[in-house]
Amino acid sequence: MARFILRAVVGGAVVLVLLGWLFSYQLEESRSAVVTRFGYPRRVEIEPGLHAKWPWPVEKAQSLDMRQRLYNLRHCQTLTRDKKNVILMSYVVWRIDDPLRFLQRTTGMTDQAELKLDSLINSAQTAVMGKYELAALVSTNADEQKIRQVEKDILADANKDVKQLGMELLQVGFRRISFPEDNVRYIFDQMRAERAQFAAKALAEGKREAAAIQAETAVKRSTIESEARIEADRIRAEGEAEAARLYAEAQRKDPEFYEFLRSLDSLKKLMRSNATLIMRTDSPPFSVLRYGIKQAAPERKDTQ
Amino acid sequence: MSRRSEEAHPLAAAVGSGLRVVQAAIVLGLVAYALSGIRVIQPTQVGLVLRFGRLVGGTPAEQVRRPGLLLAFPRPIDRVVLVPIKEVREVVIEDLWSGETEPLLDEFGMGDSIDPVREGYCITGDRYIVQPRAVVKYQISDPIAYALRQIDPSLLVRDASMTELTRCIGGMTIDKVLAEGKKGLAVALSASIQKRLDLTQTGVSILRVELPEVVPTRHVIQDFKNVQSASIQSQTMVRNAQTYRAQEIPKAEREANQLIKSAQTYRKGLLAGVTGEVARFEGLLKQYKQDPQVVRGRLFREAMEEILAQVGAQYLVPKADPSQKQPTIRLLLPPKK
């Protein structure tokens, strides 16, 4: 008996699970399902969780991934309003907006949908770039560079068509902005010319500054030298004036004796070994030889 | 009949014991299945539980499970998504950079240019070309948005970063980019990448942007190096001039000091000499005043002694006799030394 109950419970559970599996489907977060009955779409489910449906072949739930996707567009060469060629490589963030419409217009294949996106966005880019100058993309003037506005315009322009396909563009961005090869060649020439100019300027500036420092050094040095010379001369002159004053003071006390002493001193200085002295015998001290200790006569001297 | 059944009995026993092994295996399998939903969330992760596909929990705080043991039902009831929220992720942006520092021998017949499709670069605000390489470090800040609302968001981080790099460099002059490229630009970038990612609720937070390389392209790099070496050369010239000045001025000052000092020494010596002489004169004057004749004579003799000791040659001539003619003297001078 107990055995029968166990069997019944197990069997019932298996049947319930089987029925549950047949009559329901799971919808994960950020997915949606289009439920079709005999091929005709009946309803769209976007709430995640467990949902009921008639078993196959009556109803079929086709699930779609509604998450945001990234798509890198092929490069797109366009002309700006000021007739400049630019090559844009963009990315877009998009997602499925209307599952049913998406299924009907694109057969649900995302890679095919992205091919359609590519051409739609490219034409939007071409149209929008024709309204902006190149400065809207690259400019040192922050008011001129309007990339965010350009992106917004492209987004709005492309979304009109994209929404028809059940998709929505959330963001567009220029990963790369390039110039055609010919322009790049010209830019390189310009860069080289500019750099050569910078190099020459740097050298000239260095030379000028160095020369200025050297000149300044020379001026300063000669100023120091001449000031020192003037000061030294002043000190010397001061000393000499003082000496003269002292001499004069001394002289005033007895000019005759002073003169006598000075003369003797001068003689001492002048008479050296290469001097020849001729003296009269009556001049002291030789007068002694002739006159004994008589008073010495006035002296006389000569030098050669 | 009973005999037969008795004979079959050992076989039935064997089958029965086999069945018991199978039963035990089934029970074990069921238990293992029932426990298969239990997961451990590592300290660097958080967990999200999807029950029949639906995120469990009313508020984000309940939805995001902290590290620890996570009790969940087995599949297909529950599915557990683990999000490495503490992990620092990194995306390297090399699409705008070539890595070449020398012009290629064969640029596919283009010579001095860049194929815009094959190779990326950035255009500066003054319409020149540079090539940056960037490393963007980020972390997942919103696990729900990151794991459930988008397909491979790390690719979006890369493309958004590249886009902002293109935009930011497009707003600066080439010299500004090359001069402060690695600092100011990196800071500005991290804010603007964050802003762009927030527009689509990517659920990441940018930690840091590094720009290990911001260089002119290989075609013109030599020209930039020339400017650098010119400016180094110019700095050297200026430095040399400064060194010259630093040597010359103190030297001139030293010489000036010497000049002044020698003048002072001269004055001091002169005055010392004069003072001495004056003192001697005054001393002699005192004696002289007492006895002029004696002092005068003594001084004269002393002087004569000194002079005669020095003089090279001496001649004595007699006193002239006024009655006679003046005597004539022929002098033979000694040879000069």
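About 10,800 Å² of area is buried between chain A and chain B, and carbon and sulfur atoms give 62% of it. Please keep in mind that this is a predicted model. The briefing starts where the two chains meet, then visits strands in chain A, a sheet in chain B, and a few residues with notable backbone geometry.

**Where chains A and B meet**

- The contact involves 112 residues of chain A and 116 residues of chain B.
- Between chain A and chain B, the count of salt bridges is 15.
- One salt bridge to look for is between the side chains of A:Glu238 and B:Arg267, with 2.2 Å from N to O.
- Polar contacts across this interface add up to 40 residue pairs, with both residues at pLDDT 80 or more.
- On the side of chain A that touches chain B, helix H5 of chain A (residues 181–253) provides the largest share, with 42 residues.
- That side of chain A is made up of 51 nonpolar, 40 charged and 21 polar residues.
- The chains also pair through strands: S10 of chain A (residues 276–280) and S10 of chain B (residues 313–317) run parallel and are joined by 5 bridges.
- To find this pairing on screen, start from A:Leu277, whose bridge partner in S10 of chain B is B:Gln314.

**Strand S2 of chain A and its partners**

- Strand S2 of chain A covers residues 31–37, and 5 of its 7 residues are buried, so the strand is largely enclosed by the rest of the structure.
- One partner of S2 in chain A is strand S5 (residues 59–65), and the two pair in the antiparallel sense over 7 bridges.
- Within that pairing, A:Val34 has A:Gln62 in S5 of chain A as its bridge partner.
- Strand S3 of chain A (residues 40–45) also pairs with S2 of chain A, again in the antiparallel sense, over 5 bridges.
- Here A:Val35 stands opposite A:Arg43 of S3 in chain A.
- S2 and S3 of chain A form a hairpin with 2 residues between them, and A:Phe38 in the turn has a positive phi of about 50°.

**A closer look at A:Glu59**

- A:Glu59 belongs to strand S5 of chain A.
- Is this charged residue buried or exposed? A:Glu59 has a relative accessible area of 2%, which is under the 20% cut-off, so A:Glu59 counts as buried.
- Its side chain makes a polar contact of 3.2 Å with the side chain of A:Arg43.
- Beyond its neighbours within four places in sequence, A:Glu59 is in contact with several residues, including A:Val35, A:Thr36, A:Arg37 and A:Trp54.

**Chain B and its three-stranded sheet**

- Chain B has 10 strands and 8 helices.
- Of the 337 residues in chain B, 38% are buried.
- Among contacts in chain B between residues at least 6 apart in sequence, 76% join residues at least 24 apart.
- Chain B contains an open sheet of 3 strands in the order S3-S2-S5, with antiparallel pairing.
- Strands S3 (54–55) and S5 (78–83) of chain B stand at the edges with a single partner strand each, so one side of each has no neighbour in the sheet.
- Strand S2 of chain B (residues 46–51) runs antiparallel to S3 of chain B, and 2 bridges join them.
- B:Leu50 has B:Leu55 in S3 of chain B as its bridge partner.

**Cis peptide bonds**

- In chain A, the peptide bond joining A:Trp56 and A:Pro57 is cis, with omega of about 10°.
- A:Pro57 sits in the loop between strands S4 (49–52) and S5 of chain A.
- In chain B, the peptide bond from B:Arg75 to B:Pro76 is cis, with omega near 5°.
- B:Pro76 is in the loop between strands S4 (68–70) and S5 of chain B.

**Positive phi outside glycine**

- A:Lys83 is a residue other than glycine with a positive phi, near 60°.
- The loop between strands S7 (76–79) and S8 (85–96) of chain A holds A:Lys83, and A:Lys83 is exposed, with a relative accessible area of 64%.
- B:Asp152 is not a glycine either, yet it has a positive phi of about 45°.
- The loop between helices H3 (143–148) and H4 (153–169) of chain B holds B:Asp152, which counts as partly exposed at 40% relative accessibility.

Key
Residues numbered from 1 in each chain as written. Chains lettered and ligands numbered in written order. Predicted model: local features only at pLDDT ≥ 70, side-chain atom pairs only at ≥ 80, totals over all residues. Heavy atoms only, no water. Contact = heavy atoms within 4.5 Å. Buried area = accessible area lost by both parts, 1.4 Å probe. Salt bridge = Lys/Arg side-chain N within 4 Å of Asp/Glu carboxyl O. Polar contact = N/O pair within 3.5 Å; in protein donor to acceptor, adjacent residues only side chain to side chain. Helix = DSSP H or I, 4+ residues; strand = E, 2+ residues; numbered from the N terminus. Nonpolar A, V, L, I, M, F, W, Y, C, P; charged D, E, K, R; others polar. Pairing = 2+ DSSP bridges. Buried < 20%, exposed > 50% of the residue type's maximum accessible area, 1.4 Å probe, protein only.
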